[in-house]
Amino acid sequence: MKNYVLVKSYYGWGGDLAILSEAISLASEKNLHLVIDWRGGFNGANHKENIFDYLFEVDCPRADISEIESDSTVLPAFWSDFIKLPTPFSKKYPLTRCSRDQLDDFLHSPVSPYVAVLTRESTRFYSAEFEQDKFNSYSKIKPKKFIVDQVDDFINSLDGTPFIGVHFRHGNGEPTVVYPDVNWYFGEIDKYLKITPNAKIFVCTDCSAGVQAFKNRYEDKVVSTKKNYLALGSGGMHYTCTLEDRIRPGVEAIIDIKLLSRSRYFIGTKSFFSYAVNGFAGGFDRSDIKTYVHRIRSFKPEKDFCPLSVDECLSVFGRVIDNLDGIYVRGVEGTRQIFLQDQNIGIVGDDKNELLERIKAIRLY
């Protein structure tokens with residue numbers, strides 16, 4: 001009689017890999033068969049195909065979701081009606097909150113057969129006590145050969161030159177993603193270049209303007225993989241509707257994660273993506289990794305923040321600019337002030353070109 005641990009896809013690539021690493025650890029510890037159900041995914045599209053099988057293999061006992069016995073006890077119980085559905089989103093139940101923190105109490109003496117559902121990372125994911133266990137779990141997640149081959153080809157193209165890996169999570173207009181401070185990255189890169197002056201700078205980002213910002217400063221030292229970047233300000237690469245559109249950025253993201261894991265030094269945004277990089281690397285030495293932490297966790301505009309309209313854009317800048325994402329107008333003490341997310345850029349009536357330059361300095365476009 002088999003018992004299972006089931007993982008669902010609720011996040012971007014880094015988040016899904018984090019949950020999977022915990023499931024692998026739990027499967028090993030409790031002698032469970034791993035069921036990976038990455039149908040649907042981040043945007044909730046009802047894909048029938050399991051995206052995991054296009055991109056990865058896993059080095060541990062695995063079962064198909066159809067093998068779960070109908071009389072299995074489901075832990076936690078509120079998942080009972082959803083385990084065979086592709087990524088359900090229900091506000092009635094806390095479906096996204098299943099972690100080992102909740103399951104460990106159930107698993108002391110579970111009724112067999114059972115299926116334990118994981119949809120969220122636990123406190124042990126961040127614990128130094130279980131760090132090596134986490135690295136061991138990431139090592140059992142194997143990208144498909146065609147992905148590994150592309151990673152190896154890129155490494156070979158550098159001809160042995162060491163590189164600084166940079167994960168620059170920009171957001172490209174995602175409403176809640178706070179624009180990172182590119183100057184912080186420049187400062188950390190400069191420190192590593194003093195140690196290894198011949199190093200290349202491998203930039204992984206979700207926004208083409210991010211790549212250009214690093215090229216403007218470091219010129220031919222900057223290298224990156226080819227990507228199908230979305231138009232500036234149009235949002236995240238993981239918001240997709242078709243299976244093809246999900247596989248392509250998935251392959252691009254996994255190639256970048258694996259390349260970053262092989263960098264000499266790593267400078268990353270605090271995110272599941274960077275956790276995956278460190279996990280696949282088996283843990284960077286403390287002196288070889290730097291993590292950017294945003295000023296605020298996410299941006300949520302105050303009630304009196306009004307998105308800049310096309311008409312007001314004309315009056316503020318003298319023309320309609322291409323990208324209005326992140327720009328707001330707010331009344332403050334009798335004035336109308338311009339904000340880029342939560343940062344005050346200036347007052348309506350300030351020099352138009354200066355306002356645009358202040359926006360570009362932060363948003364990069």
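Helices (H or I, at least four residues) and strands (E, at least two) are DSSP runs, numbered from the N terminus. These are the elements named in the views below, and the model they belong to is a predicted one.

**View 1. Helix α9 and its surroundings.** Welcome to a helix with plenty of neighbours: 7 of the 10 residues of α9 (residues 272-281) are buried, so the helix is largely enclosed by the rest of the structure. The buried residues are F273, S274, A276, V277, N278, G279 and F280. Just after the helix comes G282, with a positive phi near 75°.

**View 2. The largest pocket.** Here the open space amounts to about 1,500 Å³. Its lining is made up of 41 residues, and those nearest the centre are R169, V177, K270, S271 and F272. Two or more lining residues come from each of α1 (13-30), β7 (163-168), β8 (200-205), α8 (243-260) and α9. If you are thinking about the chemistry of the walls, the lining divides into 19 nonpolar, 13 polar and 9 charged residues.

**View 3. The second largest pocket.** This pocket holds a volume of about 530 Å³. It is lined by 21 residues, with E131, K134, Y275, N278 and I289 closest to its centre. At least two lining residues are supplied by each of α4 (131-139), β10 (265-269), α9 and β11 (289-292). Helix α9 from View 1 returns here with the largest share of the lining, 4 residues. By class, the walls carry 8 nonpolar, 8 polar and 5 charged residues. Look for N278 in particular: this residue is among the buried ones of α9, and it is also one of those closest to the centre of this pocket.

**View 4. Two nonpolar cores.** In soluble globular proteins, nonpolar side chains tend to be buried together. The largest nonpolar core in this model has 70 residues, and L17, L20, L34, W38, L55 and W79 touch the most other members. Take L55 as a sample: leaving aside residues up to four places away in sequence, L55 touches W13, K142, P143, K144, I147, I247, V251 and I254. Apart from this core lies another, of 39 residues, including V166, I189, L193 and I321.

**View 5. Two cis peptide bonds.** Most residues other than glycine have a negative phi, and most peptide bonds are trans. One cis bond joins L75 and P76, with omega about -5°. P76 sits in the loop between β4 (73-75) and α3 (100-106). A cis bond also runs from S112 to P113, where omega is near 0°. P113 belongs to the loop between α3 and β5 (114-118). Helix α3 therefore borders the loops that hold P76 and P113.

**View 6. Positive phi at N31 and L364.** N31 is a residue other than glycine with a positive phi, near 60°. Its place is the loop between α1 and β2 (33-37), and N31 is exposed, with a relative accessible area of 68%. L364, likewise not a glycine, has a positive phi near 80°. This leucine is found in the segment after α11 (352-363). L364 has a relative accessible area of 13%, and because buried means under 20%, L364 counts as buried.

**View 7. Salt bridges.** The whole structure contains 22 salt bridges, and a few of them are shown here. The side chains of R124 and D133 meet at 3.7 Å, N to O. R124 counts as buried at 14% relative accessibility, while D133 is partly exposed at 29%. D149 pairs with K145, the closest N and O atoms being 2.8 Å apart. Both residues lie in helix α5 (residues 145-157), 4 residues apart, about one turn of the helix. An α-helix has 3.6 residues a turn, so residues three or four places apart point the same way. D149 is partly exposed, at 30%, and K145 is exposed, at 59%. The side chains of D350 and R358 also meet in a salt bridge, at 3.7 Å, N to O. D350 is partly exposed at 28%, and R358 is partly exposed at 32%. Finally, K8, D37 and R39 are joined into one network by salt bridges that share partners.

Conventions. Residues are numbered from 1 along each chain as its sequence is written. Side-chain values use heavy atoms; hydrogens and water are left out. Buried means under 20% relative accessible area, exposed over 50%, partly exposed in between (1.4 Å probe, protein chains only). On a 1 Å grid over the protein atoms alone, a cavity is a set of points where a 1.4 Å probe fits but cannot get out, and a pocket is an open set with protein on both sides within 12 Å along at least five of seven lines; lining residues have an atom within 4 Å of a point. Grid points are joined across faces, edges and corners, and a volume is the space filled by probe spheres set on the points. Ala, Val, Leu, Ile, Met, Phe, Trp, Tyr, Cys and Pro count as nonpolar, Asp, Glu, Lys and Arg as charged, and the others, Gly among them, as polar. A nonpolar core is a set of buried Ala, Val, Leu, Ile, Met, Phe, Trp, Tyr and Cys residues joined through side-chain atoms within 4.5 Å. Contact means heavy atoms within 4.5 Å. A salt bridge is a side-chain nitrogen of Lys or Arg within 4 Å of a carboxyl oxygen of Asp or Glu.
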